[in-house]
Amino acid sequence: MNDFYNNAIGHWVVVVVAMALLLFVVLTATAYTVWFERVALGRIQRRPGPNRVGPAGLMQLAADGVKLAFKESFIPEKTDRVIYVLAPTIGVAAAFLAWVVIPIGLWYNVTYWIADVNVGILIIFAVSSLNVYAIVLGGYASNNKYSLLGGLRSAAQLISYEMSLGLALVPTFMIVGSLRLRDIVEYTVSWGPYHGPLPLIILTPIGFLIYVISATAETNRTPFDLPEAEQELIGGFLTEYSGLKFTMYYLAEYLNVITVSTLAVLLFFGGWYLWSVPPVLAFLIKVVIMIFVYIWLRGTFPRLRYDRLMRLGWKVLLPLAMANVVVTAIVLVAVS
Amino acid sequence: MAIAVFFVAAAVAVLGAVGVVSFHQPIRSVLSLVLVMLALSVIFLLLSAQFIFAVQIIIYAGAVMVLFVFVIALLGPARELGRGRLRYQGWLSGIFVLVMLGLMWTLLQGVQYRQPDKTDMNFFGTVQSIAIGLFTTYLYPFELTSIILLVAAIGAIYLSRKRIDDL
């Protein structure tokens, strides 16, 4: 296997097959995340949720997909057509690109990844920071004041919360001493009789808290879904989008939910390590629980007012994240 | 392989730069500039500067250019006004291009390309190596830059503040 991987052509074959597999798995996972969210939200709100199409409503997404694909693809008048069409594709591309550096433990000692780079987590930040273009350009090109306002709100929100998102993870890097996601997952400790992998949430619980809040804001989900607040802005930047272009935004949003959940599992919950549970199963269970946490947040919290949102980002989360970095640094120096 | 990637990235960067100055809608100019930034980040990656690659995208494409888009979206989709040209503009720009090319040609004479001395490619360009440089050799300029940024932030707050008697 190793010889094959080091061979130039073999390497490319492996990478291309891995990418194709990943595309299939992630797309399917996205479809069933939507189903999972609709069912879970239904239960939270004491209604059945989708249950008509196929067993337990599992085919609902296929039906919705067909419906959306056959809808008229509408482009409003007097818009910048190129940018109007380009915007949703940027969103999907950015959402998929993050998966290039995400490692997945398949079996004991077998880990899957496309690229195992030294700056893994920074690359995820880099591509997810491109996501804001999808929303701002979509809002701008729709030639609609509600879309524009949604896009502008989103730009301000994403830039504000990106800072605390980045700073929330700094203590993790300081403890592990690496930005490579595999190193963070395989971080092991020897505490007295215990020797083995350690979920980093034990060491940086505040970092995890800030991460969950900022990641919710970054993915534009309730209680931070200001860019598409339907009571104020109709559909925000989505107002003028329909058919496949709407589907692309939808896909990108749920893909991002899976990405941030997976990242939380990798960074804070020890990735694919869970006693002797088979790694891929452990990983799946943890990711599903994390996705459920996001759905739970959506089902229980009301939307923040815009000024509150900015205040929370700049005056609470950012100072807290900075204090977290400083305290972790002091503790690390004291321990060593 | 690396050479092919370099030429594609370089071509995209140059085309993007041409786009920045030749589009009439400001939003397209900004998007061309984003393209330039992304192409530059690929070139950084080819030079094994992984950290600079990621930071180039996060800072320039992800933050600075988003603010440009923000401002343009806020001011509306106005086209650039006036197509009036200066007298002799075409001739002058031709002369400038020639002078520029001449300067580049003279500068590139006698340049010799070689591998950097004793570089550990497992360490070069990583976060760790840049951090060591920033906090040892270049600590003073690094701290000085942060003071400049602080001054800029305070200045921005001062300029945009509301006076009490305005309220």
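In the next few minutes I will talk through how two chains meet, then a patch on the surface, and then a charged pair. Please keep in mind throughout that what we are looking at is a predicted model.

Let me begin where chain A and chain B come together. On one side, 28 residues of chain B take part, and they are in contact with 25 residues of chain A. Putting the two chains together buries about 2,200 Å² between them, and carbon and sulfur atoms give 77% of that area.

Which parts of chain B supply the side that touches chain A? At least two residues each come from α2 (26-46), α3 (50-75) and α5 (127-135) of chain B, and the largest share, 17 residues, belongs to α3(B). If we sort the residues on this side of chain B by character, we find 22 that are nonpolar, five that are polar and one that is charged.

How many salt bridges does the rule find across this interface? The count between chain B and chain A is zero, although the rule does find two residue pairs in polar contact across the interface, both at pLDDT 80 or more.

Let me now turn to the surface of chain A, where L106(A), W107(A), Y108(A), V280(A), L281(A), I285(A) and I289(A) make a nonpolar patch of about 640 Å². Two elements of chain A, β1 (104-107) and α12 (279-300), each supply at least two residues of this patch, and the largest share, four residues, comes from α12(A). W107(A), for its part, is found in strand β1 of chain A.

That brings me to the charged pair. Side chains of opposite charge can pair when their charged atoms come close. Over all chains, a search of the whole structure finds three salt bridges, and one that I would like you to look at joins the side chains of E37(A) and R298(A), with 2.8 Å from N to O. This pair links distant parts of the chain, since E37(A) sits in helix α2 (residues 8-44) of chain A and R298(A) in helix α12 of chain A, 261 residues apart.

Notes
Residues are numbered from 1 along each chain as its sequence is written. Chains are lettered from A and ligands numbered from 1 in the order in which they are written. This is a predicted model: local features need pLDDT of at least 70, side-chain atom pairs count only at pLDDT 80 or more; totals for chains, interfaces and linings use all residues. Side-chain values use heavy atoms; hydrogens and water are left out. Contact means heavy atoms within 4.5 Å. Buried area is the accessible area (1.4 Å probe) that two parts lose on being put together, summed over both. A salt bridge is a side-chain nitrogen of Lys or Arg within 4 Å of a carboxyl oxygen of Asp or Glu. A polar contact is a pair of N or O atoms within 3.5 Å; within protein, one must be able to donate a hydrogen and the other to accept it, and residues adjacent in sequence count only if both atoms are side-chain atoms. Ala, Val, Leu, Ile, Met, Phe, Trp, Tyr, Cys and Pro count as nonpolar, Asp, Glu, Lys and Arg as charged, and the others, Gly among them, as polar. Patches are made of residues with over 30% relative accessible area and no salt bridge: like charges are joined within 9 Å, nonpolar side chains (Val, Leu, Ile, Met, Phe, Trp, Tyr) within 5 Å. Accessible areas come from the Shrake-Rupley method with a 1.4 Å probe; for residues, only the protein chains shown count as cover.
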